[in-house]
Amino acid sequence: MKYTKTFIAAALTATVSTAALADDSVKVIGVSIPAATHGWAGGMNFHAAETVKRLEDVYPGLDFVLATASDPGKQVNDIEDMVATRNIDALVVLPFESDPLTPPVQAVAESGAWVTVVDRGLSVEGIQDLYVAGDNTGFGTVSGNYMASKMPDGGDIVVFRGIPTTIDNERVDAFTAAIEGSGINVLDMEHGNWNRDDSFTVMQDFLSKYPSIDAVWASDDDMAIGVLAAIEAAGRDDVQFVLGGAGMKEMIKRTADGDAMIPANVTYPPSMIATAIELTAVGLTSNAPVSGNFVIGSVLVTQENAMDFYYPDSPF
């Protein structure tokens, strides 16, 4: 089931006024997220901390424990610790990677706790009560459609994948389907892990292997920055443009300013973690139905509309 933003806003309004009427027993919501290893994650961390602080004032019957992890093993340990020491009633988790996080999150669900999964899905379907994410299929489709329109005569491109996750698969599958029959040829495809340094290294390899590359689908703004740095370092002028994604403010500004190398972007807001935490609080403190899927659409950003997506005070 997919709930509209209007419905959810109404649910939040209704439950804020009744939160104080909940029973006296404090319920605990654990929030487990990756550390700020790249720009998008930094923005997500900012929104998570801000939301937890705000909701602790709104819901006196709730307590929150927020943990950040720099790798999957640390995240598994964080979740197990939340269960053992805090006896959490709900878990909001953005998996560092899908496969290693599936068993511990499944164990939380089997214990009877509410589970909200954010962004990167688990490897087994049906574990979570609520799934909050951007439209990853839409993200890939919007990106692929733009590349096809920008390259009407086709051309040779390289593709950067993120960390191995279900959402990365969804994005790449949709992108590949969108460029099918367009004349665009994918020379190579490698994981840049949503990381600038990794992507710089991968792009160096691509530039060494291929004497001519027409464009790059970096699929993420942090990876796009690494790609652009490698192109500049190599002194290559064959790459016509790089398409990133997620709406980093620096990249949105370059699009708004008409930078030919960054002609567009595709949105994927890190503030989705705030939506997930808030809806989980609603689920624990009211009878409002919030289980199901909440999907935030991806929008193509061009020079014409870029300033609508430019937030200079944002951490991302």
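**A walk through the predicted model**

Strands β6 and β7 run parallel and are joined by 7 bridges. The model in which they appear is a predicted one. Within this pairing, Asp-156 stands opposite Asn-185 of β7. To get from β6 to β7 the chain passes through helix α6, residues 166–179, and the resulting β-α-β crossover is right-handed. Strand β6 also pairs with strand β8 (residues 215–217), again in the parallel sense, over 3 bridges. Here Ile-157 is the residue that stands opposite Ala-215 in β8. Of the 7 residues of β6, which spans residues 155–161, 6 are buried, so the strand is largely enclosed by the rest of the structure.

The next topic is the nonpolar core. In soluble globular proteins, nonpolar side chains tend to be buried together. The largest nonpolar core in this model has 94 residues, and the members that touch the most others are Met-147, Met-203, Val-216 and Val-242. Helix α10, residues 272–285, gives the most to this core, with 8 residues. What surrounds Met-203, leaving aside its neighbours within four places in sequence? Met-203 is in contact with Val-158, Phe-160, Ile-213, Val-216, Val-227, Ala-230 and Ile-231.

Helix α9 covers residues 249–256, and its buried residues are Lys-249, Met-251, Ile-252, Thr-255 and Ala-256. These residues lie on the same side of α9, because they cover an arc of only 160° around the axis. What they pack against is α8 (221–234), β10 (265–266) and β12 (300–301). Just after α9 comes Gly-258, which takes a positive phi of about 80°.

A loop residue can be buried too, as Tyr-59 shows: its relative accessible area is 1%. Tyr-59 is placed in the loop between α2 and β2 (62–69). Although 222 residues separate Tyr-59 from Ala-281 in sequence, their C-alpha atoms are 8.0 Å apart in space.

The remaining topic is charge. Side chains of opposite charge can pair when their charged atoms come close. Across the whole structure, a search finds 11 salt bridges. One of the pairs is Lys-209 with Asp-188, where the closest N and O atoms are 2.7 Å apart. This pair links distant parts of the chain, since Lys-209 belongs to helix α7 (residues 196–209) and Asp-188 to strand β7 (residues 184–191), 21 residues apart. Is Asp-188 buried or exposed? Asp-188 counts as buried because its relative accessibility is 13%, and the cut-off for buried is under 20%.

Another salt bridge joins Glu-50 and Arg-54, with the closest N and O atoms 3.7 Å apart. Both residues are in helix α2 (residues 39–58), and because they are 4 residues apart there, about one helical turn separates them. Glu-50 counts as partly exposed, at 37% relative accessibility. Arg-54 is likewise partly exposed, at 31%.

The side chains of Arg-236 and Asp-238 also meet in a salt bridge, at 2.7 Å from N to O. Asp-238 has a relative accessibility of 17% and therefore counts as buried. Elsewhere, salt bridges that share partners join Glu-50, Arg-54 and Glu-278 into one network.

How values were computed:
Residues are numbered from 1 along each chain as its sequence is written. This is a predicted model: local features need pLDDT of at least 70, side-chain atom pairs count only at pLDDT 80 or more; totals for chains, interfaces and linings use all residues. Side-chain values use heavy atoms; hydrogens and water are left out. A salt bridge is a side-chain nitrogen of Lys or Arg within 4 Å of a carboxyl oxygen of Asp or Glu. Helices (H or I, at least four residues) and strands (E, at least two) are DSSP runs, numbered from the N terminus. Buried means under 20% relative accessible area, exposed over 50%, partly exposed in between (1.4 Å probe, protein chains only). A nonpolar core is a set of buried Ala, Val, Leu, Ile, Met, Phe, Trp, Tyr and Cys residues joined through side-chain atoms within 4.5 Å. Contact means heavy atoms within 4.5 Å. The arc is that of the directions from the helix axis to the C-beta atoms. Two strands pair if DSSP finds at least two bridges between them. A crossover is right-handed if, with the strands pointing away from the viewer, the path from the first strand over the helix to the second runs clockwise.
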